Amino acid sequence: MKKNGRGIATIMFGFGYGAGFPDHSIASAEIEDEGKILIRTAAADVGQGVLTTITQIAAEVLKVKPEIIQIIPGDTHLIKNSGSSSATRQTFFTGNAVKEASEGLLSNIYHYASIEFRSNHVELGIKDGYIFRNDNPNNKLSYWELAEKVKESGDSLKAEASFFPRTDKPDPNTGQGEKIYVAYTFVTQVVEVEVDTDTGIVQVLKVYTSADIGKAINPQNVEGQIEGGTVQGIGMALMEEQVIKEGITLNPDLTGYLIPTSMDTPRFATRLVENEDSEGPFGAKGVGEPATIATTPAIANAIYDAIGVRIFDLPITPEKILKALKKRETENKIGKKEDF
Amino acid sequence: MKHKIRFTINGEVKEIEVQPNKTLLKMLREDLDLIGVKEGCGAGECGACTVLVNNKPVNSCLMLAVEVDGKEILTIEGLSDGINLDPLQESFLKHNAIQCGYCTPGMVMSAKALLNRNSHPKEEDVKEALAGNLCRCTGYKRIVDAVLDAVKKGGGK
Ligand code: FES
Ligand code: FES
């Protein structure tokens with residue numbers, strides 16, 4: 001028989017290393033030849049889209065089209081530390097470093113342009129990579145023409161910045177601290193499942209997600225992260241298990257270690273909550289790991305809702321479901337009271 | 001001893017000599033420099049190495065190069081004409097169906113094979129056709145959406 005159930009789970013996730021770890025990112029921005037603006041950052045994009053995100057941030061601050069932004073990929077000769085692509089930290093840390101470096105560059109553009117135009121920055125306007133006096137917008141200088149002039153004077157048009165926020169080590173006695181993490185992402189998921197009580201197979205039908213990510217700099221990317229993370233959570237809940245015996249992994253391949261396929265993917269309904277409650281770039285917070293955490297407990301709750309049996313041991317495989325159903329059946333027969 | 005084989009690759013006739021134990025995957029990547037074809041598992045489990053042989057999707061890590069003698073191969077490199085992308089590729093871009101991208105060439109080729117045999121697949125057909133292509137990043141939703149959208153736009157013809 002097929003039985004349907006719904007489960008809910010809510011998580012909060014402190015991202016970045018936190019707890020007093022010297023976590024930081026460094027980035028720089030400079031006016032490059034051939035109409036480009038160069039951003040140097042070592043942030044590794046492994047598909048989560050951080051380079052797109054920081055391109056958008058730099059373009060927004062410098063008031064240019066994103067196509068103009070060029071990013072030098074990681075190279076220890078040319079760029080400084082941006083920390084790891086882990087701990088859900090790149091958008092927040094490197095995003096902030098890039099934003100500050102871009103703001104530094106913008107300030108320098110105002111500074112040198114005010115010398116060129118013999119004017120004060122409040123009388124200057126900026127549009128599409130040009131700077132001009134508001135009282136004479138036709139007499140304008142492009143960022144690149146300005147960079148040439150700055151170069152002639154022996155200087156260069158660039159800025160470097162780092163984002164190095166304070167976090168506190170928790171008190172060893174109480175576990176408390178004023179600011180253990182830079183900020184928190186909140187996610188609630190409701191999951192609908194269908195459990196086949198004859199085979200024990202669980203199909204996740206639909207996942208509703210509400211995620212407070214501060215600000216979605218690239219909503220399509222954020223939703224992609226949530227979908228990918230959710231499907232990893234489905235894997236953790238229902239199938240993924242490394243079997244180790246005496247130090248040897250018995251299922252070291254994808255035939256023995258199952259991960260979700262396109263057949264396991266549910267329907268999604270995702271709502272992004274843009275509650276700018278942190279010092280992230282434009283209010284943005286991290287989404288990577290938070291996207292995967294709520295799914296597993298929500299599925300366990302949904303299975304309980306569907307068949308009235310609680311399984312605490314992951315993954316919740318068909319075998320475990322059938323065993324638990326059987327156990328309940330025999331207990332019911334001998335009249336033992338259920339405790340759930 | 002090497003064998004001389006002749007086949008069509010992305011519309012071009014090629015004749016080369018290969019070791020009898022060389023896989024199609026290795027020949028494509030090492031001898032023909034077609035590195036869009038990816039090796040994930042090397043054991044027929046992940047689909048990253050999918051290419052079309054005579055219009056059918058195969059795991060190129062499981063096929064010997066000598067087996068393609070006289071056949072027609074299409075890899076991800078052969079989809080675009082050099083100027084325009086294939087509608088499937090356009091659709092993957094539009095839907096952001098790519099994160100790390102490692103599964104993408106195989107996904108696109110499996111989808112291409114589906115559209116070759118069924119120009120109006122339903123969602124379930126798409127999911128089934130892609131079930132042998134693992135993706136760890138996207139959760140598949142955007143990939144399935146991308147294929148269905150390409151169908152709607154006439155990509156299936
Ligand atoms: S590399 Fe061929 S199936 Fe994984
Ligand atoms: S996009 Fe990374 S495996 Fe599919």
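A polar contact is here a pair of N or O atoms within 3.5 Å, where, within protein, one atom must be able to donate a hydrogen and the other to accept it.

**View 1. Polar and charged pairs across the interface of chain B and chain A in the predicted model.** By this rule, 17 residue pairs are in polar contact across the interface, with both residues of each pair at pLDDT 80 or more. The count of salt bridges between chain B and chain A is 4, and in one salt bridge the side chains of Glu123(B) and Arg267(A) meet at 3.0 Å, N to O. On the side of chain B that touches chain A, helix H4 (123-129) and helix H5 (141-152) are the elements that give two or more residues, and H4(B) gives the most, with 3 residues. By class, this side of chain B has 8 nonpolar, 5 polar and 8 charged residues.

**View 2. The extent of the interface between chain B and chain A.** Contacts join 21 residues of chain B to 24 residues of chain A, and the area buried between the two chains is about 2,000 Å², of which 48% comes from carbon and sulfur atoms. Within chain B, the residues that lose the most area to chain A are Glu45(B), Arg136(B) and Arg142(B), which together account for 30% of what that side buries.

**View 3. The surroundings of Thr261(A).** Thr261(A) is placed in the loop of chain A between strand E12 (248-249) and strand E13 (267-273), and counts as buried because its relative accessibility is 16%, under the 20% cut-off. Leaving aside residues up to four places away in sequence, Thr261(A) touches Ala131(B), Leu134(B) and Tyr140(B).

How values were computed:
Residues are numbered from 1 along each chain as its sequence is written. Chains are lettered from A and ligands numbered from 1 in the order in which they are written. This is a predicted model: local features need pLDDT of at least 70, side-chain atom pairs count only at pLDDT 80 or more; totals for chains, interfaces and linings use all residues. Side-chain values use heavy atoms; hydrogens and water are left out. Helices (H or I, at least four residues) and strands (E, at least two) are DSSP runs, numbered from the N terminus. Buried means under 20% relative accessible area, exposed over 50%, partly exposed in between (1.4 Å probe, protein chains only). Contact means heavy atoms within 4.5 Å. Buried area is the accessible area (1.4 Å probe) that two parts lose on being put together, summed over both. A polar contact is a pair of N or O atoms within 3.5 Å; within protein, one must be able to donate a hydrogen and the other to accept it, and residues adjacent in sequence count only if both atoms are side-chain atoms. Ala, Val, Leu, Ile, Met, Phe, Trp, Tyr, Cys and Pro count as nonpolar, Asp, Glu, Lys and Arg as charged, and the others, Gly among them, as polar.
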